[in-house]
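Hi,

Here is the structure I promised to pass on to you. Please have a look at it first, and then read my notes underneath.

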Amino acid sequence: MSETSTVTIDGRPALRCERHLKHSRDKVWAAVTDPRQLSQWYPLRVTLLEPRAGGRITFDDGEGTTYTATVTHYDPPRLFAFDEHDPDGKEREFDDHLRIELSDEGSGCLLVLTHVLTDPSTAESASRGWQACLDALVAGLDGAG
């Protein structure tokens, strides 16, 4: 079961998606921080992930565009967050911010994904996209044994 809501963080619109997962927090942590596993469900392929606050992440969209991000929080197996920068390297007032929080819930865990948006006009399509991504995450976890 999942829920998506719109919230405001630091005056900016954000999507907040919750998923109740039947898998352990450690297993889900690996799925959200291991570049190979993350690439299976995240919208972009991960080519580099430095697992520490201040570390870099590099994404490839498969169409010639590389996106970079900076890890803002890395607290295994509880919190992984990063700022995604403009793909053209242009300065903008804000970066998109992604935050994935995990907490124990019975024999499984609760995943909360928060996406603070640079462009609020993308909220509806981003919400649909995250639902599809989280469906893919669940499918991967269910098939991972």
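Below is what I found, starting with the pocket and ending with some backbone details. Please keep in mind that this is a predicted model.

**The largest pocket**

The largest pocket holds about 360 Å³ of space. It is lined by 18 residues, and the ones closest to its centre are E84, D96, H115, A126 and W130. If you want to find the pocket on your screen, those five residues are a good place to begin. Two elements each give two or more residues to the lining, namely strand 7 (96–105) and helix 3 (123–143). Helix 3 gives the most, with five residues. As for chemical character, the lining of this pocket has nine nonpolar residues, five polar ones and four charged ones.

**An arginine in strand 2**

R19 sits in strand 2, which covers residues 12–21. Is R19 buried or exposed? R19 counts as buried because its relative accessible area is 9%, and the cut-off for buried is under 20%. The side chain of R19 also has a partner: it makes a polar contact with the side chain of Q131, at 3.0 Å.

**A hairpin**

Strand 3 (residues 45–49) and strand 4 (residues 56–60) run antiparallel and are joined by four bridges. Within this pairing, R45 of strand 3 stands opposite D60 in strand 4. Six residues lie between the two strands of the hairpin, and there G54 takes a positive phi near 90 degrees.

**Two backbone details in loops**

Most residues other than glycine have a negative phi, and most peptide bonds are trans. With that in mind, here are two places to look at.

The first is D10, in the loop between strand 1 (2–9) and strand 2. D10 is not a glycine, yet its phi is positive, at about 50 degrees. D10 is also exposed, because its relative accessible area of 77% is over the 50% cut-off.

The second is the peptide bond from P76 to P77, which is cis, with omega near -15 degrees. P77 belongs to the loop between strand 5 (66–75) and strand 6 (79–84).

So which residue in these notes is the buried one, and which is exposed? R19 is buried at 9%, whereas D10 is exposed at 77%.

Happy to go through any of this with you.

Best wishes

Terms used:
Residues are numbered from 1 along each chain as its sequence is written. This is a predicted model: local features need pLDDT of at least 70, side-chain atom pairs count only at pLDDT 80 or more; totals for chains, interfaces and linings use all residues. Side-chain values use heavy atoms; hydrogens and water are left out. Two strands pair if DSSP finds at least two bridges between them. On a 1 Å grid over the protein atoms alone, a cavity is a set of points where a 1.4 Å probe fits but cannot get out, and a pocket is an open set with protein on both sides within 12 Å along at least five of seven lines; lining residues have an atom within 4 Å of a point. Grid points are joined across faces, edges and corners, and a volume is the space filled by probe spheres set on the points. Ala, Val, Leu, Ile, Met, Phe, Trp, Tyr, Cys and Pro count as nonpolar, Asp, Glu, Lys and Arg as charged, and the others, Gly among them, as polar. Buried means under 20% relative accessible area, exposed over 50%, partly exposed in between (1.4 Å probe, protein chains only). A polar contact is a pair of N or O atoms within 3.5 Å; within protein, one must be able to donate a hydrogen and the other to accept it, and residues adjacent in sequence count only if both atoms are side-chain atoms.
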